[in-house]
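Good morning, colleagues. I should like to take you through the ligand sites of one structure and then through its internal cavities. Please have the sequence and the structure open before you.

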Amino acid sequence: MKRPSILVLGAGYGGLATVVNLQKVLGTDAADITLINKNEYHYESTWLHEAAAGTMLPEQVRYDIKDVIDGVKVKFVQATVEAIDVTGKKVSTDNGDFTYDYIVIALGFEGETFGIEGLDKYALSIANVTAARYIREHIEYQFATWSSEEVKDDSRLTIVVGGAGFTGIEFLGELANRVPELCKEFDVPREKVRVVCVEAAPMVLPGFDPELVNYAVGNLEAKGIEFSIGTPVVEATPEGVNIKKGDDEFEFIKAGTVVWAAGVRGSKLIESTPIENMRARVKVEKDLRAPGFEDVFIVGDCALMINEETNRPFPPTAQIAMQQGEAAAKNISALIKGEETHAFEPDLKGTVCSLGEDDAIGVVFGRKVTGKRASFMKKMIDNRALYMIGGPSLVMKKGKFNVL
Ligand code: FAD
Ligand code: NAD
């Protein structure tokens, strides 16, 4: 009998967790497993703000996929997926076509610009390791240009961060520490540099614990970060952003760098399939299958699940993506063995938001944490994610041990 073929698209948290768990639950001859990813490396999306600010080297954020998969059980193909035909069970890539019996779509997130004019063209997004490296280089270029130009344009030294969600705040935490280093390196007076966070909602980190939010804002402001709250970005131009301050009141912030961190969506490829989706996120069945497609599993940021306690979607996080990968692997194994699939239940341990190298805020197992203790926990969470994919050797290679 022909072995079933399993295709996993994307080697982010969700895709790698799927593959690593498929390796565990399926014997060598049980299935043909193929993992397709754009790059030969995986990057830790949860560390991208560090690479973007320049507080961590881009190389540290990524590792080779072949180092963490079992080459006997899983075939890795470096390719960019171009189309997914869920009716014909075929995937087209720039490196050939692939057919499948079961597919796991784990293609992750893309920045969401909500159709706001100019953002696609003029703002930078912390979307992947290449984009993060570009942001780092762009900011350094602005500092270097300011230093060398005769007629100085101070707006080169203004950095606007759109969105005070977790990504925006974590990036600001890194920038707050990086700016003094850049000033020293490029002979720029600190007072010439502006870092402005623009948030549409009436508060920073909307919905998060207000006491922790005050702690974060206080510490970031003390390091020179400015906040403009309740003032959505409505347009980006080559010179900066326009923000809405009142019914008919707008302010233009001239800036050499605009980083857009105001929300995410799923992979655009989902939108060209007949699978029902909202901003490329699919409201999956309880066992993580796409509605109406028994052989299609969706995990990570392309999947959408409603939290029945709050009646709101679970936020797209690495924590959930990895748990979904494990659950999808077990459910595919069950189907191959002719057994029933199981409903996926997220096991939420909490949220920790870093504020730079040595500071953070969080709620862990229902308890609030701040400062160095929270920062230590964040590093342990980061190391745990490495451990779950690559075991102790990956933690030794890539782990965060600079605990203060
Ligand atoms: P991803 O990790 O985005 O992986 C998708 C993979 O698919 C990538 O390898 C990509 O290269 C590949 N891919 C995409 N398109 C194609 C294609 N067409 N062809 C082939 N391959 C393709 N969550 C937390 O839980 N905790 C945190 O602390 C945290 N911090 C974050 C910090 C930042 C700066 C950001 C941006 C996000 C953070 N998140 C955090 C959210 C978390 O990173 C995402 O929820 C998580 O990455 C989703 O995992 P995923 O597997 O769905 O996708
Ligand atoms: P988000 O959707 O959580 O936050 C986006 C922010 O941008 C919101 O505060 C929103 O009000 C604001 N915004 C939207 N439109 C705007 C506009 N026009 N002008 C100004 N502000 C605007 O997105 P994110 O921060 O990128 O996070 C994405 C996901 O990744 C979330 O699920 C988050 O929980 C997760 N994440 C987690 C961590 C962590 O756990 N430490 C870190 C980063 C990201």
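Which polar backbone atom is 3.3 Å from an oxygen atom of ligand 1? The atom belongs to Pro 316. Please bear in mind throughout that this is a predicted model.

Let me stay with ligand 1. Side chains also provide polar contacts here: an N or O atom in the side chain of Ser 45 is 3.1 Å from an oxygen atom of the ligand, and a polar side-chain atom of Asp 301 lies 2.8 Å from an oxygen atom of ligand 1. The protein covers 90% of the 990 Å² of accessible area that ligand 1 has on its own. There are 31 residues around this ligand, and those that come nearest are Gly 14, Val 81, Asp 301, Ala 318 and Lys 378. By character, the shell comprises 13 nonpolar, 14 polar and four charged residues. Helix H1 (13–25), H6 and H8 each contribute at least two residues to the shell, and H8 has the largest share, with three. In terms of domains, at least three shell residues come from each of domain 1 and domain 2.

I turn now to ligand 2. Where does ligand 2 lie with respect to the two domains? Domain 1 (5–38 + 79–111 + 265–348) and domain 2 (119–262) both give residues to its shell, so ligand 2 lies between them. Of the 25 residues around ligand 2, the nearest are Thr 167, Glu 199, Val 233, Pro 316 and Val 352. The shell consists of 17 nonpolar, six polar and two charged residues.

As for polar contacts, a polar side-chain atom of Glu 199 is 2.5 Å from an oxygen atom of ligand 2. A side-chain N or O atom of Glu 170 lies 3.1 Å from a nitrogen atom of this ligand, while Val 352 places a backbone N or O atom 2.8 Å from a nitrogen atom of ligand 2. Of the 850 Å² of accessible area that ligand 2 has on its own, the protein covers 77%. Helix H6 (166–186), strand S13 (194–199) and strand S26 (350–354) each give two or more residues to this shell.

Finally, the cavities. The count comes to three cavities of 30 Å³ or more, and the largest has a volume of about 70 Å³. Its lining has 13 residues, with Arg 281, Ala 303, Phe 314, Pro 315 and Ile 320 nearest the centre. Eight lining residues are nonpolar, three polar and two charged. H8 supplies the largest share of this lining, three residues.

Key. Residues numbered from 1 in each chain as written. Chains lettered and ligands numbered in written order. Predicted model: local features only at pLDDT ≥ 70, side-chain atom pairs only at ≥ 80, totals over all residues. Heavy atoms only, no water. 1 Å grid on protein atoms, 1.4 Å probe; cavity = no way out; pocket = protein on both sides within 12 Å on 5 of 7 lines; lining within 4 Å. Points joined across faces, edges and corners; volume = space filled by probe spheres on them. Helix = DSSP H or I, 4+ residues; strand = E, 2+ residues; numbered from the N terminus. Nonpolar A, V, L, I, M, F, W, Y, C, P; charged D, E, K, R; others polar. Near = heavy atom within 4 Å. Polar contact = N/O pair within 3.5 Å; in protein donor to acceptor, adjacent residues only side chain to side chain. Areas by Shrake-Rupley, 256 points an atom, 1.4 Å probe, with all protein chains shown as cover. Domains from an automatic or database assignment.
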